[in-house]
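The following report describes the fold of a single model, moving from its sheet to its helices, cores and loops. Please read it alongside the sequence and the coordinates.

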Amino acid sequence: MIKEGDQAIDFTLEATNGETVSLSDFKGKNVVLFFYPKDQTPGCTREACDFRDAYQEFSDLNTVILGISKDSIASHQKFIEKQNLPFLLLSDPEGEVCEKYGVIKDKNMFGRKYKGIERSTFVIDKDGKIAKAYRKVKVADHVQEVLQFVKENLQ
């Protein structure tokens, strides 16, 4: 499983700007890579909107925000439009990138067991190393915690 200090695993996925995006495209910038379970669900909406509200502060710190889930680009587009999200969402329909980052976990909802994305955030420094890994993220105050980490450690 990828951990702090490791080189971030490069990937290429379809993005909501109509292009394919690679992590390596952002070399020289910090990247906040957040994995979330599903577009338009309460926790995921709150997390995405918290990132939206802090977007300018992250930008001012040379930091790009990228969201990844297994949802389709069409679903992502609706999510962006409805919530006015200023950053790219990437589609990982087969969960390959999710697997590489170790965020696919066994879940249980109403007695039904399935594999799904465990809400996780990785802060990647401008050299492409994992500076901080947040797993089993609780949405409340998470974005402010990430922003504080970037301010204090990645100037």
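## Sheet, packing and loops

Val 32 has Ile 65 of strand 4 as its bridge partner, and this pair belongs to the parallel pairing of strand 3 (30–35) with strand 4 (63–69), which extends over 6 bridges. The model is a predicted one, in which local features need pLDDT of at least 70 and side-chain atom pairs count only at pLDDT 80 or more, while totals for chains, interfaces and linings use all residues. Residues are numbered from 1 along each chain as its sequence is written, and side-chain values use heavy atoms, with hydrogens and water left out. Helices (H or I, at least four residues) and strands (E, at least two) are DSSP runs numbered from the N terminus, and two strands count as paired if DSSP finds at least two bridges between them.

The order 2-1-5-4-3-8-9 describes an open sheet of 7 strands with mixed pairing. Strand 2 (20–22) and strand 9 are its edge strands, each pairing on one side only, and from one strand to the next the twist averages 30°. Two helices pack on this sheet, as the table sets out; contact means heavy atoms within 4.5 Å, and angles run from 0 to 180 degrees between N-to-C directions, with axes being lines fitted to C-alpha atoms, for helices over the stretch in contact.

| Helix | Strands touched | Angle |
|---|---|---|
| Helix 3 (residues 73–83) | strand 1 (12–15), strand 4, strand 5 (88–91) | about 160° with strand 5 |
| Helix 5 | strand 3, strand 4, strand 8, strand 9 | about 160° with strand 9 |

Helix 5 (residues 142–153) has 12 residues, which at 1.5 Å a residue should span 16 Å, and its end C-alpha atoms are indeed 16 Å apart; the expected span is 1.5 Å times one less than the number of residues. His 142, Val 143, Val 146, Leu 147, Phe 149 and Val 150 of helix 5 are buried, where buried means under 20% relative accessible area, exposed over 50% and partly exposed in between, with a 1.4 Å probe and protein chains only. These residues cover an arc of only 155° around the axis, so they lie on the same side of helix 5; the arc is that of the directions from the helix axis to the C-beta atoms. Their cover includes helix 1 (42–53), helix 2 (55–60), strand 8 (120–124) and strand 9 (130–134).

The largest nonpolar core, a set of buried Ala, Val, Leu, Ile, Met, Phe, Trp, Tyr and Cys residues joined through side-chain atoms within 4.5 Å, has 26 residues, and Phe 11, Leu 33, Ile 68 and Phe 122 are among those with the most contacts inside it. Ile 68 touches, among others, Phe 11, Leu 13, Leu 33, Leu 90 and Val 97, not counting residues up to four places away in sequence. A second, separate core of 24 residues includes Phe 34, Phe 79, Ile 80 and Val 146.

Strand 6 (residues 104–109) and strand 7 (residues 112–117) run antiparallel and are joined by 6 bridges, with Ile 117 of strand 7 as the bridge partner of Ile 104. The two strands form a hairpin with 2 residues between them, and Phe 110 in the turn has a positive phi of about 55°.

Most residues other than glycine have a negative phi. Lys 136, however, has a positive phi near 50°, and Asp 141 one of about 65°. Lys 136 is in the loop between strand 9 and helix 5, as is Asp 141. Lys 136 is exposed, with a relative accessible area of 61%, and Asp 141 is exposed at 59%.
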